[in-house]
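User: Please take a close look at one chain of this model. I would like a connected account of its backbone and of any contacts it makes with other chains.

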Amino acid sequence: MLQVSIYRYNPETDSAPYMQEFQVDTQGRDIMVLDVLHMMKEQDNGLAYRRSCREGVCGSDGMNMNGKNGLACITPLSEVVKNGKLVLRPLPGLPVIRDLVVDMGLFYKQYERIQPYLQNDTPAPAIERLQSPEDRDKLDGLYECILCACCSTSCPSFWWNPDKFVGPAGLLQSYRFLADSRDEATRERLAELEDPFSVFRCRGIMNCVAVCPKGLNPTRAIGKIREMLLANAT
Amino acid sequence: MSNLRSLSFDAIIIGGGGAGLRAALELAKSGKKTAVLSKVFPTRSHTVSAQGGITCAIASADPNDDWRWHMYDTVKGGDYIADQDAAEYMCSEGPKAVFELEHMGLPFSRFDNGRIYQRPFGGQSKDFGAGGQAARTCAAADRTGHALLHTLYQNNLKNNTTFLNEWYAVDLVKNANGDVVGCIAMDIETGEVVHVKSKATVLATGGAGRIYASTTNALINTGDGIGMALRAGFPMQDMEMWQFHPTGIYGAGTLVTEGCRGEGGYLINKDGERFMERYAPNAKDLAGRDVVARSMVMEILEGRGCGENGDHVFLKLDHLGEEVLGKRLPGIVELSKTFAHVDPAKEPIPVVPTCHYMMGGIPTNVHGQAIMQDADGNDQIINGLFACGEAACVSVHGANRLGGNSLLDLVVFGRAAGMFIEGALNEGIEYLDASESDVESAMKRMTRWNESEGGETVPELKRELQGIMQNSFGVFREEENMQKGVKQLAELRERIAKAHLPDKSNAFNTARVEALELDNLMEVAEATAIAALERKESRGAHSRYDYPDRDDVNWLKHSLYFPAEKKLGKRDVNFAPKTVDTFEPKVRTY
Amino acid sequence: MVTNITNLGRSGLSDWLIQRVSAVILAVYTLFIVLYLLFNPGLDYATWSGLFAQTWMRIFSLLAFVSLAAHAWVGLWTVTTDYLKPTGIRVGAQTVIILAIFVFLVWGIQILWGA
C-alpha cells in the first residue's frame with residue numbers, strides 16, 4: 001500500500017485548501033505517478049488534474065511530487081517515493097484553480113511576451129530557407145521545450161515577479177529564436193529584454209535545470225542572452 | 001435554455017491540434033472572426049506526439065523525386081480505396097504546405113546542403129514502385145509533431161487568433177433546415193455552458209484511439225467530433241479501418257516511430273530472426289504498416305514471440321550506434337528508457353502492434369466540407385459543417401495510412417478548409433438561426449449527466465468498452481466474435497445511457513468531461529464495430545480470418561455508417577484524379 | 001520591456017555589468033587589505049595612516065567606496081523589488097537605503113581626503 005498525501009481544493013466547497021490522505025494499492029509495481037492519480041480518481045471522482053499524452057511530450061501534468069517539480073506521467077514511483085510516502089501538490093507559485101490544476105495564465109503571458117515565432121521579412125524562396133546542419137544544431141536543447149512550467153514554477157525569481165521576469169521557460173524560447181539563423185529580429189528581441197527584470201532577475205539558482213523533465217538547460221540559454229545583450233551594447 | 005450566454009464567430013474550429021491550428025491560421029490571416037476551441041491548451045494536443053516526420057515530395061533527399069510517386073504509394077498503401085482526387089491534391093499541394101511550415105520557423109533537421117532532412121519510411125517507393133525505396137519523410141529529429149504543433153501555435157499567436165482554451169464542445173447545434181450553425185460548449189475552468197454561434201463549424205478533433213484498451217493515442221483522443229457528428233445524425237466513412245502501429249512499446253502502448261526502421265532498425269522474433277524478410281521480401285521492415293503489424297501477430301501466434309509469454313517481438317536498434325540514435329532518434333532513446341526500461345543502444349525494444357490511427361471519419365471533399373448522402377445515394381454537402389485532420393475522411397488514407405502522411409494530411413487539408421471557408425465567408429453565408437428547441441436538443445446529453453442520480457460510474461464502463469473493442473475488433477477479425485462484440489456494445493450503450501456522474505461541481509470538473517467523452521467513445525466504437533462486421537473482405541488494416549481476400553467486385557467502396565438506422569451503406573471511391581492517370585487496383589505486395 | 005526608474009543604470013544590462021565590475025574591484029580591494037594586514041603583523045597607527053596618505057591608495061579606496069555604493073544599491077534595489085510589494089513601503093525603503101548609501105559615501109570620502 002502506498003500512502004499518498006494530496007493537495008485538495010475545490011473553490012465551490014472548500015474555504016481553504018487541505019491535504020488529503022489516500023491509500024493506493026500499487027501491488028508493488030513501479031508504476032508512474034500518473035497511474036497512481038488515475039487509481040485515486042477512481043476512489044474519488046472529483047479529484048482534478050490535467051493529463052493528455054501520458055508519455056512526457058505534451059506537458060500537461062507538471063506537478064510537485066515530494067517537493068520536486070516534474071511530469072507525473074514519466075516519473076516512476078521508485079524515483080520519488082520516500083519512506084513509502086508520496087506527497088502531491090500543484091506547481092508552486094501559480095494560483096490554484098482546483099486540486100492540482102493551476103492557472104497558467106501568467107506563465108503563458110510571459111511566453112507570448114518574447115514573441116515566440118520566427119520573424120523574417122525577407123521574401124521567402126519558392127522552397128525552404130536553407131540552414132546548415134551546424135546552424136540547426138544550435139536549436140537543439142531549445143526547441144524541445146513542452147511548456148510544462150516545471151522550471152518557471154520552481155524558480156524563486158519567477159515566484160516573486162511572475163509579471164515582470166520572463167522566467168526560464170520563456171527565456172529558453174527567446175533564445176531559441178535568437179539562436180535561429182533564419183530569424184531577423186535579433187535587435188528588437190534584445191531591446192525588449194535589457195531591463196532589470198525580464199532576463200536579469202535570473203540569479204543563477206538553477207532550479208530550472210534541476211527539474212526540467214526534458215533535460216534542457218534554461219540557465220545556459222539565459223547566459224547566452226546576457227552575452228548577446230552585452231555584445232550588442234558595449 | 002435561452003439563458004445561455006452566446007458567442008458569435010464567423011468560424012469556430014473545434015480542436016487545437018495540427019489540423020485545427022492550420023485552418024485557424026489561414027482564417028486569422030484573412031481577418032475573419034475566428035476562434036479555436038480546444039479542450040486542452042493547444043500544444044497538449046496529440047499532434048505533439050507525432051515523431052517520425054511529414055512525408056512529402058520536396059525533392060530534397062532525391063532531387064528527382066516526384067509527387068506522383070508519392071501519390072502512387074499513398075493509393076497503393078490505402079489498398080485502393082483512397083480517393084484519387086484527394087490523394088492527388090494532398091501530394092501535389094504538399095510541398096507548398098511543407099515549405100510554408102519551414103518559413104514559419106519549424107526547426108527541420110537538415111542535410112549538409114542546408115535542405116530539409118528526409119528519411120525513408122514504410123511503403124515509400126520511387127518511380128511508381130519500380131525504383132526501390134524512397135526517402136521522403138521530412139523530419140525534425142524524432143520530434144516532428146512537437147515541432148510542427150508548436151510552430152503552428154506560435155504563428156497563430158503571431159496572427160492574433162482567438163483561443164478558447166480548455167473549453168469542451170458538447171454537441172453541434174443544427175437549425176430547422178439541418179444546417180450546422182454552431183455548437184454547445186463548456187468552459188472547463190468555470191463550468192459555464194455557452195452557445196457558440198458560427199457560420200462555419202470545423203471539426204478538427206482528431207482520433208479516437210481510446211476506444212481500444214491498448215493504444216498509442218493520448219488520453220484525450222476520445223473521438224469527440226465523431227461523436228458529435230454521429231449524434232447529429234451524419235454518416236461516418238470507413239470506420240472499420242483502424243491502423244495498428246507495428247511498434248507500440250510492449251505494456252505501455254507508447255509509440256516508437258517507424259523512423260527507427262527508416263534509419264535501419266529492424267524487427268526480430270525470439271530466434272533473433274529478421275522475420276519481415278519472409279513476409280515482404282523487398283520492402284522488409286518498411287512494408288505498409290498493416291502488413292508489418294499482421295506479420296508480427298502471425299509470428300506471435302505461431303509461437304515465435306519474445307518474452308515469458310511470447311506475446312511481443314523485438315525492435316533492434318543497437319547496431320545503429322549511439323551517435324545515430326542520439327542525433328536522429330533522441331526521443332526514442334528517452335521513451336524506451338522510461339517505458340521499457342531498455343537502452344536501445346544496448347538492447348532491443350519490446351514492441352507489439354498497438355492501435356494508432358483512425359483512417360475513417362467524417363466524409364469530406366478536398367475543401368473540408370462534410371458530406372452526407374441523399375435518399376438516392378448521391379453526395380450532399382452538409383451546410384456549415386467542415387472537418388479536417390484525423391477526424392475527417394477525405395479520404396487520402398483509404399484502408400491503411402502510410403507513415404508520415406498524417407502530418408501532411410493535417411496541414412494540407414487544414415489549410416484547404418481554411419482557404420475554402422475564407423472564400424465562402426467572402427461570398428456571404430446566411431443560415432437560419434437555431435431556435436430554442438434546436439439549442440435544447442444539443443443540450444440533451446449534458447442535461448442527462450447533470451441530472452443523473454445513481455448508476456454505474458464512468459471509469460468501469462470505459463474499461464469495459466475498451467475491452468470489447470480490443471477483443472473483438474483488433475488486428476484480426478472474425479464474424480462470430482464481432483457479432484458478440486456488436487451485441488455487447490449495444491448492451492453497453494443502454495448502461496451508459498443510465499450511468500452516473502457523482503461530481504456535479506462546476507470548477508474544472510474533469511469527471512464531467514470524462515463522462516461526456518465516454519458518450520463519444522461509445523459512438524465511435526459502435527460505428528467501428530458495425531462497419532467492421534459488415535465489410536466482408538480483407539483490405540488494408542481490416543483483416544478477417546473468414547474473408548481473407550480483397551473483394552474488389554463488392555468492396556472497392558467506402559463504407560458509410562448511418563447512425564440513425566445503425567446500418568452500413570456504400571459510397572463510391574474516386575478514381576478520377578485531374579492531372580494523372582488513374583492508378584488501377586493491383587495486387588498489393590511489398 | 002519592463003519600465004523602471006529607480007534602478008541604478010535604467011537598464012538591467014548596465015546594472016548587471018556594474019554589479020559584476022564593482023564586485024571584482026571590491027574583491028581585489030579586500031584581498032589587498034587582508035594581505036596587507038597579514039604582511040604587517042605589528043601594524044601601528046603611523047604605518048596604517050601612512051598607507052592612506054599615499055595618493056594611489058586614496059584613489060584605490062575611493063574606487064572601492066564608489067563600487068561598494070553602486071554594488072549595494074543594485075543589490076538592495078533588487079531585494080526591495082523582490083520582497084516589498086506595496087509601492088509605498090518599497091519607495092520608502094528605497095529612499096532610506098539611497099540616503100544611507102549617500103551618507104556613508106560622503107562620510108567615507110571625508111575620512112579619506114579630509115584634513
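Analyst: B:Tyr80 is a good place to begin, as it is found in the loop between helix H2 (67-77) and helix H3 of chain B; helices (DSSP runs of H or I, at least four residues) and strands (runs of E, at least two) are numbered from the N terminus. This is a predicted model, in which local features need pLDDT of at least 70 and side-chain atom pairs count only at pLDDT 80 or more, whereas totals for chains, interfaces and linings use all residues. Residues are numbered from 1 along each chain as its sequence is written, chains are lettered from A and ligands numbered from 1 in the order in which they are written, and side-chain values use heavy atoms, with hydrogens and water left out.

Although B:Tyr80 is not a glycine, its phi is positive, at about 70°. With a relative accessibility of 2%, B:Tyr80 counts as buried, a class that means under 20% relative accessible area, as against over 50% for exposed and in between for partly exposed (1.4 Å probe, protein chains only).

Another backbone feature of chain B is the cis peptide bond that joins B:Val394 and B:Ser395, with omega about 0°; B:Ser395 lies in the loop between strand S18 (392-393) and helix H11 (405-427) of chain B.

Helix H5 (residues 224-231) of chain B has 7 of its 8 residues buried, so it is largely enclosed by the rest of the structure. Among the buried residues of H5(B) are B:Asp224, B:Ile226, B:Met228 and B:Leu230. After H5(B) comes B:Gly233, whose phi is positive, near 95°.

Three strands of chain B form an open antiparallel sheet in the order S10-S21-S22, where two strands pair if DSSP finds at least two bridges between them. Strand S10 (236-237) and strand S22 (567-572) of chain B each have a single partner strand and stand at the edges, so one side of each is left without a neighbour in the sheet. Strand S21 (residues 557-562) of chain B pairs with S22(B) over 6 bridges, and B:Leu560 stands opposite B:Gly569 in S22(B).

Turning to the other chains, no contact joins chain B and chain C, whose closest C-alpha atoms lie 18 Å apart. By contrast, 64 residues of chain B are in contact with 60 residues of chain A, contact meaning heavy atoms within 4.5 Å. Chains A and B bury about 4,900 Å² between them, 51% of it on carbon and sulfur atoms; buried area is the accessible area (1.4 Å probe) that two parts lose on being put together, summed over both. On the chain B side, B:Arg44, B:His103 and B:Leu219 lose the most area to chain A, together 14% of what that side buries.

There are 9 salt bridges between chain B and chain A, each a side-chain nitrogen of Lys or Arg within 4 Å of a carboxyl oxygen of Asp or Glu. One salt bridge links the side chains of A:Arg50 and B:Glu166 (2.5 Å, N to O). The elements that give two or more residues to the side of chain B that touches chain A include helix H3 (84-104), helix H4 (144-158) and helix H16 (510-534) of chain B, and H4(B) gives the most, with 7 residues.
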